[in-house]
Amino acid sequence: MMTYQQLNSFNTSMDLDLDFGFEFEDYFPSMVQSMGTDGFIGELQNGFRLLMDVNKGLITFESLKMNTMLLGLEVRDDELVCMLMEGDLDGDGALSQMEFCILMFRLSPALMDAGYAY
């Protein structure tokens, strides 16, 4: 597993072009409305389990890379590193289930909007 320092070193050593070339549409609010809060949290947990290293119980660089490839997604290493760095709150270079869920909420503008009530 890569440490935060290794991730940061990898990130700063690359010439990053982070324009991913797609527009993000936030489906989380409609998912919460249709599934309810508990159902939505359950789906986030399923997403975490899909991407995690089953032996470590964490989303690591290696598990994220392997599972995005298995899902047919072409994601560059620098993009994967940025994803991990964005959500890695404790600096261990991986995402716990809690860090993953926090990241998913932070990436949803409507869920983070203080005026949006569930």
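Start by selecting K65, a residue that is partly exposed, with a relative accessible area of 29%. The model on screen is predicted. From K65, look across to D77: the two form a salt bridge in which the closest N and O atoms are 2.7 Å apart. K65 belongs to helix α3 and D77 to helix α4, so this pair ties together parts that lie 12 residues apart in sequence. D77 has 27% relative accessibility and therefore counts as partly exposed.

Zoom out to the whole chain. The chain contains six helices and zero strands, and its pattern along the sequence reads α-α-α-α-α-α. Of its 118 residues, 34% count as buried.

Next, show α3 (61-70) and α4 (77-87) together with the loop between them. The axes of α3 and α4 are 10 Å apart and the helices pack at an angle of about 125°, which makes α3 oblique to α4. Their crossing is right-handed.

In the loop between these two helices, select L73. With 45% relative accessibility, L73 counts as partly exposed. Add L50 and L71 to the selection: together with L73 they make a nonpolar surface patch of about 280 Å².

Now colour α4 by burial. Eight of its 11 residues are buried, so α4 is largely enclosed by the rest of the structure. The buried residues include L80, V81, C82, L84 and M85, and also the charged pair D78 and E79.

Stay with D78, which counts as buried because its relative accessibility is 6%, under the 20% cut-off. Its side chain meets that of R76 in a salt bridge (2.9 Å, N to O). R76, at 38% relative accessibility, counts as partly exposed. Select E79 as well, since R76, D78 and E79 are linked in a network of salt bridges.

Move along α4 to E86. This residue forms a salt bridge with R106, with 2.9 Å between the closest N and O atoms. The pair links distant parts of the chain, E86 being in helix α4 and R106 in helix α5, 20 residues apart. E86 counts as partly exposed at 41% relative accessibility, and R106 counts as partly exposed at 38%. The count of salt bridges comes to four.

For the last stop, show helix α5 (residues 97-106) with helix α2 (residues 28-51). Their axes come within 10 Å and cross at roughly 140°, which makes α2 oblique to α5. The crossing of α2 past α5 is right-handed.

Note on methods. Residues numbered from 1 in each chain as written. Predicted model: local features only at pLDDT ≥ 70, side-chain atom pairs only at ≥ 80, totals over all residues. Heavy atoms only, no water. Patch = residues over 30% accessible without salt bridge, like charges linked within 9 Å, V, L, I, M, F, W, Y side chains within 5 Å. Areas by Shrake-Rupley, 256 points an atom, 1.4 Å probe, with all protein chains shown as cover. Helix = DSSP H or I, 4+ residues; strand = E, 2+ residues; numbered from the N terminus. Buried < 20%, exposed > 50% of the residue type's maximum accessible area, 1.4 Å probe, protein only. Axes fitted to C-alpha atoms, helices over the stretch in contact; angles between N-to-C directions. Parallel < 35°, antiparallel > 145°, perpendicular 65-115°, else oblique. Left-handed = near helix turned anticlockwise from the far one by under 90°.
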